[in-house]
Amino acid sequence: MTVTRTNPEGLHDPVRFGYSHIADTGGGTVFIAGQYGSGPDGQVTSDDFETQVELAFAHLVTALQAAGLDATQVARLGTYVVGHSEERLHVIGAALARIWGDQPPAQTMIGVAALALPGMLFEVDAVAVRD
């Protein structure tokens, strides 16, 4: 099996951080790397949790579209939250509802002490399946 790794326009260049945004197996499964509230330089753009969540999900949608997919093809999400709380859970839930309505993908949400870069409060990765 051949894996194609890509880094689409509209997302920062992640290679200097040691990863690619998309890994496509060519067999139907596509992996989207952790997306976060990053700007064009890969740095966190806001210290506001809700802003980071919205931008992370926007980046996820950008990556999906670059792979020829959409949100309905996401089978699983991994979400990582610094300072997890019920309030933050509601922010994430609202974002999920806007994208997937009442049919969200399988998800594992993990509260963590820190993420890869200073100021990162939220990250989401995905596994999608081609129809």
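Biologist: Happy to look at this one with you! With which residue does Arg130 form a salt bridge?

Modeller: Glad to help, and do keep in mind that this is a predicted model. Arg130 sits in the segment after β6, and its partner is in strand β2 (residues 22-24), 106 residues apart from it. The closest N and O atoms of the two are 2.4 Å apart, and the partner is Asp24.

Biologist: Is Asp24 buried or exposed?

Modeller: Buried means under 20% relative accessible area. Its partner Arg130 is partly exposed, at 32%. Asp24 has a relative accessibility of 14%, so Asp24 counts as buried.

Biologist: Which residue meets Arg98 in a salt bridge?

Modeller: Arg98 lies in helix α2 and its partner in helix α1, so the pair ties together parts that are 44 residues apart in sequence. Arg98 counts as exposed, at 52% relative accessibility, while the partner is partly exposed at 30%. The N to O distance is 2.0 Å, and the partner is Glu54.

Biologist: Let's turn to the strands. Which residue in β6 is the bridge partner of Gly78?

Modeller: β4 and β6 run antiparallel and are joined by seven bridges. The residue you ask about also takes part in a salt bridge with Arg76, with the closest N and O atoms 3.8 Å apart. That salt bridge has Arg76 in strand β4 and its partner in strand β6, so parts 49 residues apart in sequence are tied together. The bridge partner of Gly78 in β6 is Asp125.

Biologist: And which residue in β5 stands opposite Gly78?

Modeller: Here the pairing is parallel: β4 and β5 (residues 106-112) share seven bridges. In β5, the residue opposite Gly78 is Thr108.

Biologist: What is the handedness of the β-α-β crossover from β4 to β5?

Modeller: The strands it connects, β4 and β5, pair in the parallel sense. The chain leaves β4, passes through α2 and reaches β5, and the crossover is right-handed.

Biologist: Nice. Which element gives the most to the largest nonpolar core?

Modeller: In soluble globular proteins, nonpolar side chains tend to be buried together. The largest core here has 32 residues, and Phe57, Leu60, Leu77 and Phe122 have the most contacts inside it. Elements that each supply at least two of its residues are β3 (29-35), α1 (49-66), β4 (74-82), α2 (86-100) and β6 (122-129). With seven residues, the one that gives the most is α1.

Biologist: Which residue touches Phe57, Leu60, Leu96, Trp100 and Val124, among others?

Modeller: Its contacts also include Pro105, Ala106, Gln107 and Thr108, leaving out residues up to four places away in sequence. It is one of the four residues with the most contacts inside the largest core. The residue is Leu77.

Biologist: What kind of pair do the rings of Phe57 and Trp100 make?

Modeller: Both residues are buried, Phe57 at 2% relative accessible area and Trp100 at 10%. Their ring centres are 6.2 Å apart, and planes over 60 degrees apart count as edge-to-face. The planes here stand at 75 degrees, so the pair is edge-to-face.

Biologist: And what kind of pair do Phe57 and Phe122 make?

Modeller: Phe57 in helix α1 and Phe122 in strand β6 are 65 residues apart, so to speak a link between distant parts of the chain. Phe122 is buried, with a relative accessible area of 0%. The ring centres are 5.6 Å apart and the planes are at 45 degrees, so the pair is tilted.

Definitions and conventions: Residues are numbered from 1 along each chain as its sequence is written. This is a predicted model: local features need pLDDT of at least 70, side-chain atom pairs count only at pLDDT 80 or more; totals for chains, interfaces and linings use all residues. Side-chain values use heavy atoms; hydrogens and water are left out. A nonpolar core is a set of buried Ala, Val, Leu, Ile, Met, Phe, Trp, Tyr and Cys residues joined through side-chain atoms within 4.5 Å. Buried means under 20% relative accessible area, exposed over 50%, partly exposed in between (1.4 Å probe, protein chains only). Helices (H or I, at least four residues) and strands (E, at least two) are DSSP runs, numbered from the N terminus. Contact means heavy atoms within 4.5 Å. Two strands pair if DSSP finds at least two bridges between them. A crossover is right-handed if, with the strands pointing away from the viewer, the path from the first strand over the helix to the second runs clockwise. Rings of Phe, Tyr and Trp (its six-membered ring) pair if their centres lie within 6.5 Å; planes under 30 degrees apart count as stacked, over 60 as edge-to-face and the rest as tilted. A salt bridge is a side-chain nitrogen of Lys or Arg within 4 Å of a carboxyl oxygen of Asp or Glu.
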